[in-house]
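Q: Hey, could you walk me through a structure? I'm new to this, so plain words please.
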Amino acid sequence: MLKPEIIFTVDLEDWFTDGRHITMNSWNDYELRLESIVHRLLELLALYRCTGTFFTLGWIARKRPRLIRLIYEMGHEIASHGYAHELVYMLSPSQFRQDIKTSKEVLEDIIGARIRGYRAPCFSITDWGLQILEEEGFYYDSSIVPSTYHDMYSRLYTSVEHPLFPISMQLWELSMPALGIGRAKLPWGGGGFFRLYPYSIYQYGIQAWLSSGKPFVFYIHPYDLDPGQPRQAHLSGYHYTRRYYGLQRAEHKLAKLLKQFKGRSIVECYPFLQHREQPKRVTL
Ligand SMILES: [Zn+2]
């Protein structure tokens, strides 16, 4: 039986690089933990013959170029998650331009191929950010969560008709799923929410989303699969729970997900997002 397909994405960064509590000038003080987790993730993807898009932080890529090359050589897509994981709306337009330029150059040097996709740290994209992405040669962004639930997400859109839509002639958006439950619109793409929701409910949400004919974009961080990561004791109760809840079970849950759904990278699903020439009609 053919498995239903989902778009599988990874925000490739480590537990201390989200920039919210540990600033970049002390990142070098911490040991990177993501390498062995990424190896296990790659094995899991290979086992179920899945591909994924890895939105990679430039700083991480500089530290682990061989890992990034390996991911690419195993048939996955490498895209940008910026260089320093700073929230887009906290930067000036020129700072943002510099950040994405650096990340793009670092990644392109490592894999020897063009980088086309971008995902903003904490989904913090802005309208001027989208314009700069286009100017810097990106073909798609995947940073919009049409939900008002999260404290960090951009409020750029609170609803979208179809997850994949053109922002301009050259730049497309592939937005994240947010499930309408009563009046609430809950983020359903993954990350902490994947750990938080029981699997039976989570997969039911994916099925419901897919049955409406829309592509489902899943995402996960290596640290979502790292029960041994150091705990940041100063986090508030809410942030502490969101960050550490369900870590022990997450890898098992992920294996279940990949057994049930066929994961594919963004450009495998939508090859036109890799090329300058876009078809007149896009089959969604
Ligand atoms: Zn991130």
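A: Sure, let's chat about some backbone angles and then salt bridges. Just keep in mind that this is a predicted model.

Q: Okay, backbone first. What is the phi of R49?
A: R49 has a positive phi, about 50°, even though R49 isn't a glycine.

Q: Why point that out?
A: Because most residues other than glycine have a negative phi.

Q: Gotcha. Where is R49?
A: R49 sits in the loop that runs between helix 1 (34-47) and strand 2 (53-56).

Q: Is R49 buried or exposed?
A: Exposed: the relative accessibility of R49 is 67%, and the cut-off for exposed is over 50%.

Q: And what about F123, what's its phi?
A: F123 has a positive phi too, of about 55°, and F123 is not a glycine. You'll find F123 in the loop between strand 4 (117-118) and helix 5 (127-135).

Q: Is F123 buried or exposed?
A: F123 counts as buried, because its relative accessibility is 4% and buried means under 20%.

Q: Cool. New topic: how many salt bridges are there?
A: The count comes to 13 salt bridges.

Q: Show me one. Which residue does E5 pair up with?
A: E5 forms a salt bridge with R264, and their closest N and O atoms are 2.7 Å apart. This pair links distant parts of the chain: E5 belongs to strand 1 (residues 5-12) and R264 to strand 11 (residues 262-264), with their positions 259 residues apart.

Q: How accessible are those two?
A: E5 counts as partly exposed, at 40% relative accessibility. R264 counts as buried, at 19%, because the cut-off for buried is under 20%.

Q: Which other residue does R264 meet in a salt bridge?
A: The side chain of R264 also meets that of E268, at 3.4 Å from N to O. E268 is partly exposed, with a relative accessible area of 36%.

Q: Are there networks, too? Which residues are in one?
A: Here's one: R97, K101, E135 and E136 are joined into one network by salt bridges that share partners.

Q: Nice. What about E251, which residue does it meet?
A: E251 and R40 meet through their side chains in a salt bridge, 2.9 Å from N to O. E251 lies in helix 9 (residues 247-260) and R40 in helix 1, so this pair ties together parts that are 211 residues apart in sequence.

Q: How accessible are E251 and R40?
A: E251 is partly exposed, with a relative accessible area of 29%. R40 is partly exposed as well, with 35%.

Key. Residues are numbered from 1 along each chain as its sequence is written. This is a predicted model: local features need pLDDT of at least 70, side-chain atom pairs count only at pLDDT 80 or more; totals for chains, interfaces and linings use all residues. Side-chain values use heavy atoms; hydrogens and water are left out. Helices (H or I, at least four residues) and strands (E, at least two) are DSSP runs, numbered from the N terminus. Buried means under 20% relative accessible area, exposed over 50%, partly exposed in between (1.4 Å probe, protein chains only). A salt bridge is a side-chain nitrogen of Lys or Arg within 4 Å of a carboxyl oxygen of Asp or Glu.
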